[in-house]
Amino acid sequence: MTESRGDWRDRLQTDRPHSARVWNYLLGGKDHYPVDSETGNLILRAFPEIAAIARQQRAFLRRSVRFLAEEAGVRQFLDIGTGLPTADNTHEVAQRIAPDSRVVYVDNDPIVLAHAEVLMRSTPEGACAYLDADVRDTDRILTRAAATLDFTRPVGLVLLGIIGQLSDDEDPARVVRDLIAALPRGSYVALSDGTDTSEPLKTAIAAYNGQSANSYHLRPAKQIESFLDGLRLLEPGLVKTGHWRPDQPATATAPEEGYAVCAVGIKE
């Protein structure tokens with residue numbers, strides 16, 4: 001099921017880079033325009049490790065959703081800022097484990113909506129819906145998501161790289177707080193964002209912000225952790241993205257592993 005607001009084709013901008021399309025380019029995908037690849041190359045020249053960060057975030061998505069579906073028994077997921085479909089999207093990971101899983105994706109990039117209409121296919125036992133909405137509009141998200149999700153039962157809220165797209169003036173803590181408030185006890189939140197620990201990364205992000213239709217805001221790890229206040233963080237807590245319950249034992253730490261952090265918390 002796809003729910004949209006207005007005609008997305010009227011809002012499709014191909015002359016300015018968009019975060020989902022740039023991220024797709026960095027992940028090695030093909031769903032982007034020349035302006036997105038140009039911006040991606042600009043970032044890569046300033047900070048070559050950005051592609052590894054993108055891959056690590058996708059790997060964290062797989063591991064965290066797998067944990068929620070397999071070990072925590074979660075059967076409902078709300079993935080906000082999902083970006084363009086790629087391998088192992090939230091519904092694919094969850095429904096491999098539990099075919100009856102219900103997933104709602106939220107994004108406000110028209111090209112993401114277009115791809116979702118074609119590629120976001122659920123199992124017959126489960127459900128997969130897409131909402132065209134901005135993360136700032138929490139009331140709209142929660143109201144529309146309730147058509148697919150039962151908010152009296154635990155939900156896995158996925159916020160990967162999306163809170164960094166809000167400036168401090170937009171009160172990202174309030175946005176996360178409002179979303180968490182709507183979740184019942186026993187729900188989980190998986191969150192990941194970039195840190196301000198690298199000068200080259202800050203330079204690269206500043207260049208991106210200067211020409212993109214979106215902006216991204218790096219923050220100290222402690223501030224990112226504060227977005228999960230009120231939740232109990234599961235072991236190992238807030239860590240570098242590649243270090244959250246890795247599939248393989250950690251060996252040498254690559255430099256890029258320090259530039260993004262993640263955590264999964266439970267609402268008790």
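Two strands pair if DSSP finds at least two bridges between them, and I kept that cut-off at hand while reading this predicted model.

**Entry 1: strand β5 and its neighbours**

I began with β5 and β6, which pair in the parallel sense over five bridges. Looking for the position across from G156, I found that this residue stands opposite Y188 in β6. Following the chain onward, I saw that the path from β5 to β6 passes through helix α8, residues 172-181, and that this β-α-β crossover is right-handed.

I then turned to strand β2, residues 76-80, which is joined to β5 by three bridges, again with the two strands running parallel. Here G156 appears once more, since I noted it as the bridge partner of F77.

Is β5, residues 156-160, mostly covered or mostly open? I went through the strand and noted that five of its five residues are buried, so I wrote it down as mostly covered, given that buried means under 20% relative accessible area. I also checked which way the residues point: G156, V158 and L160 go one way from β5, while L157 and L159 go the other way, and all are buried.

**Entry 2: aromatic pairs**

Next I looked at the rings, and I reminded myself that a pair of aromatic rings is described by the distance of the centres and the angle of the planes. How many aromatic pairs does the count come to? I noted three aromatic pairs, and I wrote out two of them in full.

One of them is formed by F60 and W244, with 5.7 Å from centre to centre and 80° between the planes, which means that the pair is edge-to-face, as the angle is over 60 degrees. I traced where these two residues lie and found F60 in helix α4, residues 50-70, and W244 in the loop between β8 (239-240) and β9 (260-266), so that the pair links distant parts of the chain, 184 residues apart. Both F60 and W244 are buried.

Another is the edge-to-face pair of F67 and Y188, for which I noted 6.2 Å centre to centre and 85° between the planes. This pair also links distant parts of the chain, with F67 in helix α4 and Y188 in strand β6 (residues 188-194), 121 residues apart. I recorded F67 and Y188 as both buried.

**Entry 3: putting the rings together**

I asked myself which residues the ring pairs link into a cluster, and the list I wrote down was F60, F67, Y188 and W244. Around F67 I noted one further contact, in which the charged end of R245 sits over the ring of F67, 4.7 Å from its centre. Y188 therefore came up twice in my notes, in the ring cluster and opposite G156 of β5.

Key
Residues numbered from 1 in each chain as written. Predicted model: local features only at pLDDT ≥ 70, side-chain atom pairs only at ≥ 80, totals over all residues. Heavy atoms only, no water. Phe/Tyr/Trp six-rings, centres within 6.5 Å; stacked < 30°, edge-to-face > 60°. Helix = DSSP H or I, 4+ residues; strand = E, 2+ residues; numbered from the N terminus. Buried < 20%, exposed > 50% of the residue type's maximum accessible area, 1.4 Å probe, protein only. Lys NZ or Arg CZ within 6 Å of the ring centre and 35° of its normal. Right-handed = clockwise from strand over helix to strand, strands pointing away.
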